[in-house]
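Student: Before we start, could you show me the model, so that I can learn how to read its features one by one?

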Amino acid sequence: MAYPVFYFHSDMRGAPVLNGVRGTGIALLDACLNTGFGQVTANSVTVAGGIATASLQPGKGFSLHANIQVAGATPAALNGVSRVTEATETSIKFPTSAPDGAATGTITIKVAGAGWTKPFSAANKAVFRSANVQGSRHYFRFDETATNTLMRVRGYEAMTTVDAGTGLYPTNAQINGGGYWAKSVQADATPIAWELIADSRFVLFRAAVGLPSGAIYDGGAIRGFGDPVALNPAGDAFASCVSVSLMSDPSGLYGGLDVGGQQANGGVFAARGRVGTGGAVLHDTKPYTGSPGVASGNDSALGVHPSPVDGKLRMSPRFMC
């Protein structure tokens, strides 16, 4: 079954810990995008009416709506990625095409990775790439070798090793060594709350990097990388971007996807401009409607929140221009 959107957060059982220690940012991205995490062995799995019920040891459950990877089961139709539709302390349920009955085998279950690849890596360095052949399949390099609290981040059109590639964005002229993502305001092991949402072509990430300073500092810029939705009807081989700060202070990093602006201290860099020539371009981002808040309750254009009509939250897509 296809579940294209993957949602991860720091409160999931077995979730990777992000903090001001070198290597934790890359380990988080690897677990969420590639390998998955939190693997357990099921006590038993039974199927009835297209729903599988897995019995688990106490404390080994999974979050509701988590995408899980099942392996080792007979019948084989149970194996693969599915989504948790019911969850208790000792069991989960998920849809399946397997026939009714009890499964056999050593059945393992883990939170599934989002299906990205990691073609190159080295100590405290890693490159991630979408496996979706319909996308640009550009490369996104993360480097934690220089500091505990930050990652250096940039996109590449092509790469041959973890340190070598062409078509850099941002370029070295725009910022030597790439932009910055913050992990924590302090170089210590204080856990940082985080969320990551991904599909096969785009990744969104938010970390509350200020938490070592106090529980009230729970906000964080929305970062991201991958392929935005191209507006050119003929397609756009270079519709790929990465959001970075150009500032190295983890307490004041700017240029998140939610903020926009061709800022002197950061923003959203695309591989090329709309005509597909030249090099990296710093884009502005604007909501299609409403003020930069882009959510009801923040401006009059999108109304109050919750809506008095249907109780919903109204939000606007952002346009890269």
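**Reading a helix, a sheet and a pocket**

Tutor: Keep in mind throughout that this is a predicted model. As a start, look at the pocket lining: strands β17 (194-198), β18 (202-207) and β24 (318-320) each supply at least two residues of the lining of the largest pocket.

Student: Which strand gives the most to that lining?

Tutor: The general idea is that rolling a probe the size of a water molecule over the atoms shows where empty space is left. Here, the largest pocket has a volume of about 1,400 Å³, and of the 43 residues that line it, Phe202, Pro228, Val229, Arg318 and Met320 are the closest to its centre. Strand β18 gives the most to the lining, with 5 residues, while the lining as a whole divides into 26 nonpolar, 7 polar and 10 charged residues.

Student: What is the strand order in the open sheet of 5 strands?

Tutor: In general, strands of a sheet pair through backbone hydrogen bonds, either parallel or antiparallel. In this case the order is β7-β8-β4-β3-β9, with antiparallel pairing. Because β7 (86-87) and β9 (101-102) stand at the edges with a single partner strand each, one side of each is left without a neighbour in the sheet. Further in, β4 (residues 51-55) and β8 (residues 91-95) pair over 5 bridges, and the partner of Ala52 in β8 is Phe94.

Student: How many residues of helix α1 are buried?

Tutor: An α-helix has 3.6 residues a turn, so residues three or four places apart point the same way. Helix α1 (residues 24-35) is mostly covered, with 9 of its 12 residues buried, among them Ile26, Leu29 and Leu33. After α1 comes Gly36, whose phi is positive, near 80°.

Definitions and conventions. Residues are numbered from 1 along each chain as its sequence is written. This is a predicted model: local features need pLDDT of at least 70, side-chain atom pairs count only at pLDDT 80 or more; totals for chains, interfaces and linings use all residues. Side-chain values use heavy atoms; hydrogens and water are left out. Buried means under 20% relative accessible area, exposed over 50%, partly exposed in between (1.4 Å probe, protein chains only). Helices (H or I, at least four residues) and strands (E, at least two) are DSSP runs, numbered from the N terminus. On a 1 Å grid over the protein atoms alone, a cavity is a set of points where a 1.4 Å probe fits but cannot get out, and a pocket is an open set with protein on both sides within 12 Å along at least five of seven lines; lining residues have an atom within 4 Å of a point. Grid points are joined across faces, edges and corners, and a volume is the space filled by probe spheres set on the points. Ala, Val, Leu, Ile, Met, Phe, Trp, Tyr, Cys and Pro count as nonpolar, Asp, Glu, Lys and Arg as charged, and the others, Gly among them, as polar. Two strands pair if DSSP finds at least two bridges between them.
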